[in-house]
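This report describes a structure by its charges, its fold, its surface and the relation between its copies. Look at the sequence and the structure together while reading.

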Protein chains: 2
Amino acid sequence: MSKLNFSISGTSITATRYDGKARQFSLVVDEPRELGGEDIAPNPVEYLLAAYAGCINVVIHLVAKELQVAVSNIKININGDINPGRLLGLSSADRAGFESLNVDIDLDTDGSRELIDKLFEQVKDRCPLNDNLSNSTPVKYNIKQLVN
Amino acid sequence: MSKLNFSISGTSITATRYDGKARQFSLVVDEPRELGGEDIAPNPVEYLLAAYAGCINVVIHLVAKELQVAVSNIKININGDINPGRLLGLSSADRAGFESLNVDIDLDTDGSRELIDKLFEQVKDRCPLNDNLSNSTPVKYNIKQLVN
């Protein structure tokens, strides 16, 4: 199958606000006041959690259909802790991002515990966000600098 | 410094649409029609790219202030390829998520190339999203299943 390219393009509006476009959609990122922002939009790590929850939803339904198991009333909550010390330049003791993530899922189903375990094995294996969070992803920076 | 907890809570609305809340903010995730959705909102991996771009913006400004270098007119574009074969259950040849990511940044600055290189070393080290993408993050699933 041919690869799909996904992209975002955008501009720094303030020291915390970024306005981006992904296809026809506008996405605004900001920080809460305690992290120096004006709190007009979710912050970067909240966007990451939304991405992960949305991805899990898609893959649950894909796999449930394949396994012919009914699923409904699905609630997905994700949370995690970050020590902001590294971000803020105060301490390098902890990693910069989420130490770990807790994914809490409630669902109604006609499937057995074994079938639902099998479903979530597949979800973990096939969810793009689960892959990019669980495993390392190479990143290439290309900086174009105009010196004033 | 005490840790910060970030969370999203939400509900599956359709097989591709997830409606979540992070603090006072609503986030809607969907898929384009070619991936089975109704295309009413960005898809999960576009949310991930927005998260990363927004995070880089925040950390550029934090570090620029520390290094006393002026930065302005910052544009941040990120893109990457995904082979959807694994997600769709067609092939396990490639990983599920982004193979790699390209981060393109344009900025105006009064800083030397060396100073800007130093700035981006710090950005990579201190950006939470850069950490969670570049390194592995443990994830714990807790599934509550109501059998009908």
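Chain A carries 15 positive and 20 negative side chains, and the centres of these two sets lie 10 Å apart. Lys and Arg count as positive and Asp and Glu as negative, while His and the chain ends are not counted; each charge is placed at NZ of Lys, CZ of Arg, CG of Asp or CD of Glu.

This is a predicted model, in which local features need pLDDT of at least 70, side-chain atom pairs count only at pLDDT 80 or more, and totals for chains, interfaces and linings use all residues. Residues are numbered from 1 along each chain as its sequence is written, chains are lettered from A and ligands numbered from 1 in the order in which they are written, and side-chain values use heavy atoms, without hydrogens and water.

Along the sequence, chain A follows the pattern β-β-β-α-β-β-α-α-β, where helices (H or I, at least four residues) and strands (E, at least two) are DSSP runs numbered from the N terminus. The C-alpha atoms of chain A fill a box of roughly 65 × 40 × 30 Å along the principal axes.

| Property of chain A | Value |
|---|---|
| Buried residues (under 20% relative accessible area, 1.4 Å probe, protein chains only) | 51% of 148 residues |
| Exposed area (Shrake-Rupley method, 1.4 Å probe) | about 6,300 Å² |
| Share of the exposed area from carbon and sulfur atoms | 47% |

A rotation of 180 degrees with 0.0 Å of shift along its axis superposes chain B on chain A, with RMSD 0.0 Å. That is the relation of a two-fold axis. The superposition is by least squares on the C-alpha atoms of residues with pLDDT of at least 70 in both copies.

Definitions and conventions:
Buried means under 20% relative accessible area, exposed over 50%, partly exposed in between (1.4 Å probe, protein chains only).
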